[in-house]
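Q: I am new to reading protein models and would like a close look at a single part of this one. Please take me through the part where two helices pack against each other, and then set it beside a few other places in the chain.

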Amino acid sequence: MFPALLSLTFDNVYGHGVGSETFPPVELDGRLVTLEISSSKSDPNTNGDQQISISLIDFDSKITLRDVTFLIKSQRGEQFLFEQEFKADNGFLVFNFVSEERDSIIIEEDNGGNLFGSLLGLESRMVHVKGPKLSEGGLYKFDITILTTDGYSKKLAEPLVFNAGISIAQTTQFDFVDQNFGEQFIQVISYYDEISNFQYDSNSREIRFSMPFEWSQSNINQTSVVHEELVIPKNFGDLLVSGFEMYINDVKISEDVVNIDDFFSDGRVVHFIIYQRELLNVFANNPNQNGMDFTIKPDRNYTHLSSVTENGQFRVLVSWEPENLKSNSNAKIIFDITDIFLKNRPVATHYEFSMTQNDKIIFEQSGISSDSKEKHNVAEFKIPQDVTEIAYLNFKNLDNNNLAKSTIPIIIDRITNEDEISIPDWIRNNALWWSEQQIDDNTFIQGIQYLIKNKIIVIPQTQQESSTSQEIPPWIRNNAAWWSDGIIDDDSFIQGIQFLIKEGILQISS
């Protein structure tokens with residue numbers, strides 16, 4: 001049998017956290033050889049079994065070596081799978097990972113057909129690895145030692161050793177009821193390991209989840225990239241934001257890791273490609289960490305949505321004033337139309353804009369969009385009293401093309417958790433200074449009045465009464481000191497503010 005010519009092309013990547021690896025060539029008996037490892041589904045149309053191929057190749061001729069003995073130790077995440085020798089006449093092995101409900105891992109070998117073998121014209125050795133959750137994806141680690149080549153009796157004086165990590169995507173869907181957009185879901189696709197502790201906060205629009213990760217210099221050195229994806233339905237307007245930022249273990253990651261793909265018909269895909277330099281930065285911040293805690297949230301402190309037209313040519317960027325649109329009130333919709341093929345540069349093009357609800361037109365206008373980065377397009381109108389909940393911003397016939405259209409869902413009369421108290425940490429400094437009498441009562445009251453009036457802090461509705469005294473009770477000062485030190489929580493502190501309002505000591509103008 002002649003040696004096999006390997007005709008597949010793999011990405012030139014080195015390290016854990018990816019779907020394929022090609023190792024730098026090493027010398028073996030006067031020639032350069034390399035190890036290639038790659039993943040695929042057994043049959044994408046029929047089942048979910050995952051396959052990983054391993055081949056030892058002549059670097060120059062791209063021909064697989066003959067009579068190779070592999071000693072392979074494998075694990076999925078932290079789960080040990082097997083450690084065993086495998087002989088491969090063509091220098092090519094395929095591992096088929098099959099999920100079965102059993103207590104232990106079993107290994108079965110055959111020479112049957114498989115995806116990789118059929119593509120390469122090889123009768124490669126198929127190794128079935130059967131056990132719980134094996135076809136669900138995750139990070140598969142392989143410690144590979146080459147014991148023989150070009151004859152099973154020719155043991156290498158110095159075995160070749162490769163440490164590989166192949167990621168197989170795991171998709172987890174989280175269903176929930178959003179207080180404004182109703183039944184929704186977010187899919188998290190992890191190319192590294194299984195995620196857990198998923199949470200979504202509808203007020204802050206923050207997504208949180210966790211994932212195992214070994215924070216060690218050696219593991220980071222082997223991890224070229226950690227790849228996570230979010231799939232968001234296009235009818236979930238709150239997450240159609242123009243940009244996201246990511247934190248890992250409370251360390252902000254570079255904005256370069258984020259890429260938003262709006263070219264799918266049913267949803268948007270947000271990619272997070274976290275390279276080694278970012279991992280090293282998180283590691284330097286705290287070497288003694290356990291796993292990854294992700295926080296993903298909009299990259300702006302005001303609503304700024306983004307959508308791509310159906311023909312893929314234009315991107316529409318939208319914001320509005322006031323931020324919380326209300327029925328029977330004025331609205332200003334601010335938008336830009338950019339050309340994707342011109343690197344998202346604003347363009348002057350014909351547009352037709354409308355706001356609708358239940359196919360009823362609330363407002364419409366048409367015109368030529370601004371091609372200036374400083375001058376935005378504006379639509380101003382009054383929202384009728386009977387319009388509430390979900391409405392739609394529609395952009396049609398851009399550049400007089402009926403396929404250049406896009407729709408963005410928004411909320412009128414947004415529901416929020418009004419009883420929740422939201423106080424920025426910097427206010428603790430004011431409370432501490434006041435409790436230590438570094439600032440006087442009037443300054444403290446004026447500060448609280450300003451924060452409430454401008455909605456920097458939010459407190460429940462409190463009935464005001466008149467008072468002949470402006471003296472603040474000592475226990476309020478104690479509360480401020482305890483709150484600034486974290487001894488009492490936000491609710492306890494705000495009760496003191498409510499007391500000042502109720503007694504008329506702190507006057508809140510409407």
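**Two packed helices and their surroundings**

A: Of the 510 residues of the protein chain, 50% count as buried. The model is a predicted one, and its protein chain has seven helices and 30 strands. Among the contacts between residues at least 6 apart in sequence, 63% join residues that are at least 24 apart.

Now to the two helices. Two packed helices are described by the angle between their axes and by the distance between those axes. Here the pair is helix α4, which covers residues 427-435, and helix α6, which covers residues 474-484; their axes come within 8 Å and cross at roughly 135°. An angle over 145 degrees would count as roughly antiparallel and one of 65 to 115 as roughly perpendicular, and α4 and α6 are therefore oblique to each other. The crossing of α4 and α6 is, in addition, left-handed.

The residues that meet can be listed from each side. Helix α4 brings I427, R428, A431, L432, W434 and S435, and these meet I476, R477, A480, A481, W483 and S484 of helix α6. Sorted by class, the contact of α4 with α6 has eight nonpolar, two polar and two charged residues.

Outside this helix pair, S406 is a useful residue to follow, and it is found in strand β30, which runs over residues 406-412. Because a residue counts as buried under 20% relative accessible area, S406, at 8% relative accessibility, is buried. The side chain of S406 makes a polar contact with the side chain of S307, at 2.4 Å. If residues up to four places away in sequence are not counted, S406 touches S307, V308, T309, L393, N394 and F395.

The loop between β29 (389-396) and β30 holds N397, and N400 is also found in the loop between β29 and β30. N397 has a positive phi of about 50° although it is not a glycine, and N400, likewise a residue other than glycine, has a positive phi near 60°. As for accessibility, N397 counts as partly exposed at 23%, whereas N400 counts as exposed at 61%.

A further loop, the one between β23 (314-321) and β24 (329-339), contains P322. The peptide bond that joins E321 and P322 is cis, with omega at about -5°.

Lower in the numbering, T149 has its place in the loop between β10 (138-148) and β11, and with a relative accessible area of 3% T149 is buried. Leaving aside neighbours within four places in sequence, T149 is in contact with L28, L56, L65, R66, D67, V68, K154 and L156. Strand β11 itself, residues 155-168, includes A164, which at 2% relative accessibility counts as buried. A164 and D143 are 21 residues apart in sequence, and in space their C-alpha atoms are 6.4 Å apart.

To return to the part you asked about, α4 and α6 form an oblique pair with a left-handed crossing, and eight nonpolar residues are counted in their contact, along with two polar and two charged ones.

Methods: Residues are numbered from 1 along each chain as its sequence is written. This is a predicted model: local features need pLDDT of at least 70, side-chain atom pairs count only at pLDDT 80 or more; totals for chains, interfaces and linings use all residues. Side-chain values use heavy atoms; hydrogens and water are left out. Helices (H or I, at least four residues) and strands (E, at least two) are DSSP runs, numbered from the N terminus. Buried means under 20% relative accessible area, exposed over 50%, partly exposed in between (1.4 Å probe, protein chains only). A polar contact is a pair of N or O atoms within 3.5 Å; within protein, one must be able to donate a hydrogen and the other to accept it, and residues adjacent in sequence count only if both atoms are side-chain atoms. Contact means heavy atoms within 4.5 Å. Axes are lines fitted to C-alpha atoms, for helices over the stretch in contact, and angles run from 0 to 180 degrees between N-to-C directions. Angles under 35 degrees count as roughly parallel, over 145 as roughly antiparallel, 65 to 115 as roughly perpendicular and the rest as oblique. A crossing is left-handed if the near helix is turned anticlockwise from the far one by less than a right angle, and right-handed if clockwise. Ala, Val, Leu, Ile, Met, Phe, Trp, Tyr, Cys and Pro count as nonpolar, Asp, Glu, Lys and Arg as charged, and the others, Gly among them, as polar.
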